[in-house]
Amino acid sequence: MSDGGVRFKVVIPARYASSRLPAKPLLDLGGKPMVARVAERAALSGAEEVWIATDHADIQAAAARHGLSVLLTRADHPTGTDRLAEVVEQRGWDDESIVVNVQGDEPLIDPELIAQVASQLAVSGADITTLAHPLEHAADFQNPNVVKVVCKADGDALYFSRAPIPYPRDHFARVPGKETLPARIPAFRHIGLYAYRVRFLRAFSRLTPSPLEEFEALEQLRALWHGFRINVAVTGLLPMPGVDTPEDAARMQKCFRAE
């Protein structure tokens, strides 16, 4: 599915602990653990390798039972990106290889999005690529749980924020309650799917966190703070919701029972 024969690998970080949903990667979805469902979707993207990176023997065993490639990684990684960096070292991948980080709680992820973010990295020459989708509703624009991104003319990210950016000052001054967005506003929802050059992953663990990252609680701001390029591709595909809460888990299990 990848464009132009772009070669890339997928890594799915699968951490056992979760404050809202412990053992989340092992959630049963139609007879298979959720992490296996994610890996199956990732394999449809055209990736040359798909690896599950976990910190727990139960997840390792479940992945192996379903014939999936899995690596046991350290339990003390502060972020999924750090876990990817360990995978890079375990596998010995070269600096120019492309690695896509697919979240282990998105069993309905569209393989086309995975292929798109990998292809974008290949053509952009950036250190990282990610995706965005046009925002149409003022409620989403105002919602701090919807991360926004503002880009330069070349598509590289200027900033990511939970705040409503770019802020349409004059329009909101005229609209009581800020209930609509102006036409043609370049407002984009960030989709948290990333492709990385391996050389960036090797550098990431040495980067000090930035104050922007601390206050916004957005890890990608660390890369921008230290001068790395993040290129953003706009997509018309909005990802299906993932699994964060027990309510999400029940909804997803119902979805797979209906197959």
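In which sense do strand β7 and β11 pair, and over how many bridges? In this predicted model, β7 (residues 128-134) and β11 run in the parallel sense, and their pairing extends over 5 bridges. One residue pair in this arrangement is A132, whose bridge partner in β11 is V234. Strand β11 comprises residues 230-234 and is mostly covered, with 4 of its 5 residues buried.

Helix α3 was examined next. The helix has 12 residues, 80-91, and at 1.5 Å a residue the expected span is 16 Å; the C-alpha atoms at its ends are 17 Å apart, which agrees with that value. At the N-terminal end, T79 acts as a cap, a side-chain oxygen of this residue lying 3.3 Å from the backbone nitrogen of T81. On the other side, α3 is followed by G92, which has a positive phi near 70°.

The buried residues of α3 are T81, D82, R83, L84, A85, E86, V87 and V88. The cover over these buried residues includes strands β1 (9-14), β4 (49-54), β5 (69-72), β6 (98-101) and β10 (188-197), and also helix α7 (198-204).

R83 of α3 also enters the surroundings of D55. The latter residue is located in the loop between β4 and α2 (57-65). D55 is buried but forms no salt bridge: R83, the nearest side chain of opposite charge, is 4.2 Å away, whereas a salt bridge requires a separation within 4 Å. A polar atom of the D55 side chain does lie 3.0 Å from the backbone nitrogen of Y16. When neighbours within four places in sequence are left aside, the contacts of D55 are A14, R15, Y16, L72, T73, R74, A75 and R83. R83 is thus listed among the contacts of D55 as well as among the buried residues of α3.

A further loop position is L181, found between α6 (169-174) and β10. Its relative accessible area is 15%; the residue is therefore classed as buried, the limit being under 20%. Apart from residues up to four places away in sequence, L181 touches L135, E136, H137, A138, F141, H171 and F172. Of these, H171 and F172 fall within the range given for α6, residues 169-174. The C-alpha atoms of L181 and P209 are 34 Å apart in space, the two residues being 28 residues apart in sequence.

Terms used: Residues are numbered from 1 along each chain as its sequence is written. This is a predicted model: local features need pLDDT of at least 70, side-chain atom pairs count only at pLDDT 80 or more; totals for chains, interfaces and linings use all residues. Side-chain values use heavy atoms; hydrogens and water are left out. Helices (H or I, at least four residues) and strands (E, at least two) are DSSP runs, numbered from the N terminus. The expected span of a helix is 1.5 Å times one less than its number of residues. Buried means under 20% relative accessible area, exposed over 50%, partly exposed in between (1.4 Å probe, protein chains only). Contact means heavy atoms within 4.5 Å. A polar contact is a pair of N or O atoms within 3.5 Å; within protein, one must be able to donate a hydrogen and the other to accept it, and residues adjacent in sequence count only if both atoms are side-chain atoms. Lys and Arg count as positive and Asp and Glu as negative; His and the chain ends are not counted. Two strands pair if DSSP finds at least two bridges between them.
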